[in-house]
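Got your viewer ready? Let's go from stop to stop, selecting a few residues each time and looking at what is there.

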Amino acid sequence: MFVSGEGAPYLSGADWWRSAVFYQIYPKSFADGNGDGVGDLIGIRERLDHLQQLGVDAIWLSPFYKSPMADGGYDVADPTDVDPMFGTLDDFDALLAAAHERDIKVTVDIVPNHFSDQHPWFQQALAAGPGSPERARFIFRDGKGPDGSQPPNNWPAIFGGPAWNRVPDGQWYLHLFAPEQPDLNWDNPEVSAEFERILRFWMDRGVDGFRVDVAHSMAKPPGLPDMDLTDYTGPLTQLEDDLRFDQDGVHECLRLFRRVMDDYPHRMAVGEAWVPDDVRLARYVRPDELHLTFNFRLIEAPWSAKDFTEAIDGSLKAMAEVGAPCTWVLSNHDVVRHTTRYGGGALGQARGRAAALISLSLPGATYLYNGDELGLENVELPDEVLQDPTWKRSGYTDRGRDGERVPLPWAGDEPPFGFSTSSATWLPMPAEWGPFTVEAQLQDPQSTLWLYRRALQARRELSELHGSSFAWLQAPEGCLAYRRGPNLVVALNAGEAPVELPPGEILLSSSLIEGDKLPANTAVWLRV
Ligand code: GLC
């Protein structure tokens, strides 16, 4: 086991984000401070000790802005105010100050592709009518067909159904996501000016950075041509070559963000850009664009040393070309939790722990999703509680993303497990989550929580893990291994049988190692 030391202020200066560990908080699900069954900003502040003891460097808060919650807050009605469900701006300031006191940086979501249909701009656009400057802030078009009753093109929305909605005067507006999320027109300078204001508002308040929502979506192809839907597989998916995303024009929008951010020292932005190709992804982190961009190939990789190796190698090479660090992530609020993806149960737990030791030992930044540190799995929820718009929009065929958004269990033996004082939590919590609570795991030195704590502490203390030095090592079939710096070796056995343990002193392992074998579904950090 790794033995703790003092811990060092290893992330300082302008480049702190290059090897930081970020922790994503889904505000509805982290901790409820006012007893209404929904997480909030006060709840987060009250639980900062957990994050400090875990050893994260920064948090990313998913949206807590004023919103009718058609898409869990990604439908923003006022991007510079807090939704009453989550508290007030004063609560935000108090959270920010309390996090900074603990040396935890705070980053927030920015949602530039769309506003809520309840945002005053959209209400004004509806009232002002076709051809008005108010409509020109969004993407309104006349329909096709003699009476304009057909949508302007054949694009599907990500949550299902067509990407167009018709308004009473006959025009249609584009919404890549839910109809309650009208897309903004980034060709209109009023839109970029508004986002400059929003970025400055939060940076003036003291936030350390942003996560840019669907950073590959703001620009649309000229003329909005039809897509070739031959290979389209349905909601929550994109095509390899998808006209709705990754248009060259998005990079101009990101350059604008960067110019604004460069006015403020030590800030960072990470992009959410689902592009299938490492080289195209690297375009998002060119020196005048974003600082980081999530590598989703690792999220998409099945449990296999070969797939992990390809995902890691492709990203390392492509990011090196543009001088940006890689950004690793195993789970978030949009994808099935990795313990479940890797098989669930004891197998999923073992593999999830091993994967954590991989993502935390690769060069670059790493994002954890709230509950990763507890080994939480997705929850099978009954139909009647589902809230993700995908459920309804897909005609009740795709259950959507609620299974990974269930509130966190903190303490006790029964729901709501200290998450709230109300048992009517916004999504029900499984009765069998007692062993997953923070309280229970703190009492068990072999728990996933302790594994994460040790790994984060070791990551702070092992200077090999802060730089970019990385070299693949030979590994048996079904395994992968790499060296960080001159003396640190990381090995993963993703196969089904034990293999010989590489030589070295064990600093940390994801499961118990006895003798000279590296068990299946286990990763290890070794000092050589
Ligand atoms: C991003 C968010 C997702 C949201 C979508 C629309 O993909 O992560 O939760 O539904 O954007 O804003």
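Start with the lining of the largest cavity: by class it has 8 nonpolar, no polar and 1 charged residues. For these classes, Ala, Val, Leu, Ile, Met, Phe, Trp, Tyr, Cys and Pro count as nonpolar, Asp, Glu, Lys and Arg as charged, and the others, Gly among them, as polar. To see the lining, select Tyr-65, Val-76, Pro-79, Asp-109, Ile-110, Val-111, Phe-195, Ile-198 and Trp-202.

A word on what you're looking at: this is a predicted model, in which local features need pLDDT of at least 70 and side-chain atom pairs count only at pLDDT 80 or more, while totals for chains, interfaces and linings use all residues. Residues are numbered from 1 along each chain as its sequence is written, and side-chain values use heavy atoms, with hydrogens and water left out.

A cavity here is a set of points, on a 1 Å grid over the protein atoms alone, where a 1.4 Å probe fits but cannot get out; a pocket is an open set with protein on both sides within 12 Å along at least five of seven lines, and lining residues have an atom within 4 Å of a point. Volume is the space filled by probe spheres set on the points, which are joined across faces, edges and corners. The largest cavity holds about 50 Å³. Now colour strand 5 (105–110) and helix 6 (189–205), which each supply at least two residues of this lining; helix 6 has the largest share, with 3 residues. Helices (H or I, at least four residues) and strands (E, at least two) are DSSP runs, numbered from the N terminus.

How many cavities of 30 Å³ or more are there? The count is 2. For the second largest, at about 40 Å³, select Trp-60, Arg-211, Glu-272, Phe-294, Phe-296, Val-329, Asn-332, His-333 and Asp-334. This lining splits into 4 nonpolar, 2 polar and 3 charged residues.

Next, jump to the ligand, which sits in the largest pocket (more than half of its atoms lie within 2 Å of the pocket's grid points). Around the ligand are 13 residues (near means a heavy atom within 4 Å), and Asp-71, Asp-213, Glu-272, His-333 and Asp-334 come nearest. The shell contains 3 nonpolar, 3 polar and 7 charged residues.

Try drawing some distances from ligand oxygen atoms to side-chain N or O atoms. You'll get 2.6 Å for Asp-71, 2.7 Å for Glu-272 and 2.9 Å for Arg-211. Taken alone, the ligand exposes 310 Å², and the protein buries 96% of that (Shrake-Rupley method, 1.4 Å probe).

Now zoom out to the pocket itself, with about 780 Å³ of space. Of its 38 lining residues, Leu-236, Thr-237, Gln-238, Trp-274 and Asp-334 are closest to the centre. Colour helix 8 (278–282) and helix 9 (297–300), the elements that give two or more residues to the lining; helix 9 gives the most, with 3. The whole lining divides into 17 nonpolar, 6 polar and 15 charged residues.

Last stop: Asn-378, in the loop between strand 13 (365–369) and helix 13 (389–393). What does the side chain of Asn-378 make a polar contact with? One partner is the side chain of Glu-404, at 2.9 Å. A polar contact is a pair of N or O atoms within 3.5 Å; within protein, one must be able to donate a hydrogen and the other to accept it, and residues adjacent in sequence count only if both atoms are side-chain atoms. Also pick the backbone nitrogen of Arg-337, which lies 2.6 Å from a polar atom of the Asn-378 side chain.
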